[in-house]
Amino acid sequence: MTAAVSRRASPREEAVTGPAERRRRPRDDRRVAWLFLAPVLVGFAVFYGYPTVRGVWFSLTDYSLLNTPSFVGADNYSELVGDPQFWNSLKVTALYVVVNIGSQLLLGLGLAALMHRLTRSVVLRATLLVPWLVPNVTVGLLWAWLLDANLGFVNHLLHALGSGGVSFYSPGWAMPSVALVNTWAYTGYTALLLYAGMLQIPQHLYESAALDGAGELRMFRRVTLPLLRPILALVLVVSLIGSFQIFDTVAVVYQGKPTPETRVIYFYIYQQAFTYFHMGYAAAVAMVLVVILGVLTAVQLWLLRASRSDLA
C-alpha cells in the first residue's frame, strides 16, 4: 500500500529553515518611521497646529488684547462681509499678486531658459540670488530712494528719455511700483528654481527635436514647458502664498500709513490687531485669508496636474 505520509520536521530542521523563512517576510519599518517623524510632528503641532486652533478660537470672540475673550459666534465674519475696507484690501492684494507673479514668472522663465541653453555659469547663478538675499526692509528703503520724485535716479533717467516719472505715492503707479520692486527682488530665486527643473529634462529630447528641424522657440514651447509643469506648479504655489504675504515693503515705504491703493490684506490685519486692538476681528480676516489661499492652491495644483509628470 502506497501512502503519502506527512512527516513533521525535526527540531534541527526547524532551526535551519526558521531564520530563512523569517528573512523572506517583508520588514515593517513603520515604528522606525514614526520615531523619525515624531520631532517634526511635535514641532508642527506646537508652532503651527496650536496657533491655528487659537486663531480659530479668537476669530469667534471679541478679544481686543485688553480684555478676556468672550464668545460672539460668527459676528466677526458677519461684520467682515459688509466691511468695504476688507474688500478693498483684498482687491489691492489681488492686483499686486497678478502683477508680481505674472512679471516674475515671465522674467524667471526667460532667464532660466537662457541659462539652460546658453550658459551654466556658477557666477551668474550666484549673482541672480543677490537681490533675494537682501532683506525686504532694505529693498523697500533702496527703491524708495531710487523712485523719489525729486532725487531718485530712476525718475531722472526717465525724464532724460522724455518720459514721465514714477513714484510709490502716485495713485496710478503705487501698487504696480511695489509689485515690480518685489519682482526685482525675487525673480532670480524663481529663475533658479525653474532652471533646476530644466536640468531634469533629458538632453536627448532637445537633440531629437533639433534633428527634426525645431528651433529654440519651438523646443521651448513643445519640450521645455510641458515637462516643466510640476516645477511650474511648485513655483506658482510658493509665489502665490508669498505674494499674499506682502507687508514689509509697504510698511517701510509708506512709514506705517499706506494709502487705500496700497493697503494690502496683511497690513489691514496688522492694523486691526495692533492699531485698533480688534484682535478677534483680525483673526477672522486671517482665517478667511487661509481659506482663500487653500482654495487657490488646490485649483492651481488641479489645473497644472502637479502630481503627474510627462517624464514618468
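**Figure 1. Ala-112 touches Ala-191, Leu-194, Tyr-195 and Met-198, leaving out residues up to four places away in sequence.** Touching, or being in contact, means having heavy atoms within 4.5 Å. This is a predicted model, where local features need pLDDT of at least 70, side-chain atom pairs count only at pLDDT 80 or more, and totals for chains, interfaces and linings use all residues. Residues are numbered from 1 along each chain as its sequence is written, and side-chain values use heavy atoms, with hydrogens and water left out. Ala-112 sits in helix H4, residues 84–117. Helices here are DSSP runs of H or I with at least four residues, strands are runs of E with at least two, and both are numbered from the N terminus. Ala-112 counts as buried because its relative accessibility is 0%. The cut-offs are under 20% relative accessible area for buried, over 50% for exposed and in between for partly exposed, using a 1.4 Å probe and protein chains only. Arg-125 is 13 residues from Ala-112 in sequence, and their C-alpha atoms are 9.8 Å apart.

**Figure 2. Here's Met-198, found in helix H8 (residues 174–199).** What does Met-198 contact, leaving aside neighbours within four places in sequence? Its partners are Leu-109, Ala-112, Ala-113, His-116, Phe-220, Thr-224 and Leu-228. Met-198 and Ala-112 are 86 residues apart along the chain, yet 7.9 Å separates their C-alpha atoms. Met-198 has a relative accessible area of 0%, so it is buried.

**Figure 3. Now for helix H4 from end to end, with its 34 residues.** Its end C-alpha atoms are 49 Å apart, which agrees with the 50 Å that 34 residues should span at 1.5 Å a residue. The expected span is 1.5 Å times one less than the number of residues. At the start of H4, a side-chain oxygen of Asp-83 comes within 3.0 Å of the backbone nitrogen of Gln-85.

**Figure 4. Ser-59 belongs to helix H2, residues 30–59.** Is Ser-59 buried or exposed? Ser-59 is buried, since its relative accessible area is 0%. Setting aside neighbours within four places in sequence, Ser-59 is in contact with Gly-73, Asn-76, Tyr-77, Gly-280, Ala-283, Ala-284 and Met-287.

**Figure 5. The largest pocket has a volume of about 540 Å³.** A pocket is an open set of points on a 1 Å grid over the protein atoms alone, where a 1.4 Å probe fits, with protein on both sides within 12 Å along at least five of seven lines; lining residues have an atom within 4 Å of a point. Grid points are joined across faces, edges and corners, and the volume is the space filled by probe spheres set on the points. The largest pocket has 21 lining residues, with Thr-52, Tyr-266, Ala-286, Met-287 and Val-290 lying nearest its centre. H2, H13 (265–275) and H14 (279–303) each supply at least two lining residues. Which helix gives the most to the lining? That's H14, with 9 residues.

**Figure 6. Helix H13 turns its buried residues toward company: they pack against H4, H11 (229–244), H12 (248–253) and H14.** These buried residues are Ile-265, Phe-267, Tyr-268, Ile-269, Gln-271, Gln-272 and Ala-273. Gln-271 counts as buried because its relative accessibility is 11%. Not counting residues up to four places away in sequence, Gln-271 touches Arg-263 and Tyr-276.

**Figure 7. Two loop residues, Leu-65 and Phe-277, have a positive phi.** Leu-65, in the loop between H2 and helix H3 (75–81), has phi near 70°. Phe-277 is in the loop between H13 and H14, and just after H13 it takes a phi of about 60°. Neither residue is glycine. Leu-65 counts as partly exposed because its relative accessibility is 35%; Phe-277 is partly exposed at 35%, too.

**Figure 8. Stepping back, the protein chain has 14 helices and 0 strands.** Of its 312 residues, 36% count as buried. Among contacts between residues at least 6 apart in sequence, 66% join residues at least 24 apart. The mean pLDDT (the predictor's confidence in each residue, from 0 to 100) is 83, and 88% of the residues reach 70 or more. Over residues 1–6, pLDDT stays under 50, and the model has 0 contacts for them beyond four places in sequence. Where pLDDT is low, predicted coordinates should not be read in detail.

Key:
A polar contact is a pair of N or O atoms within 3.5 Å; within protein, one must be able to donate a hydrogen and the other to accept it, and residues adjacent in sequence count only if both atoms are side-chain atoms.
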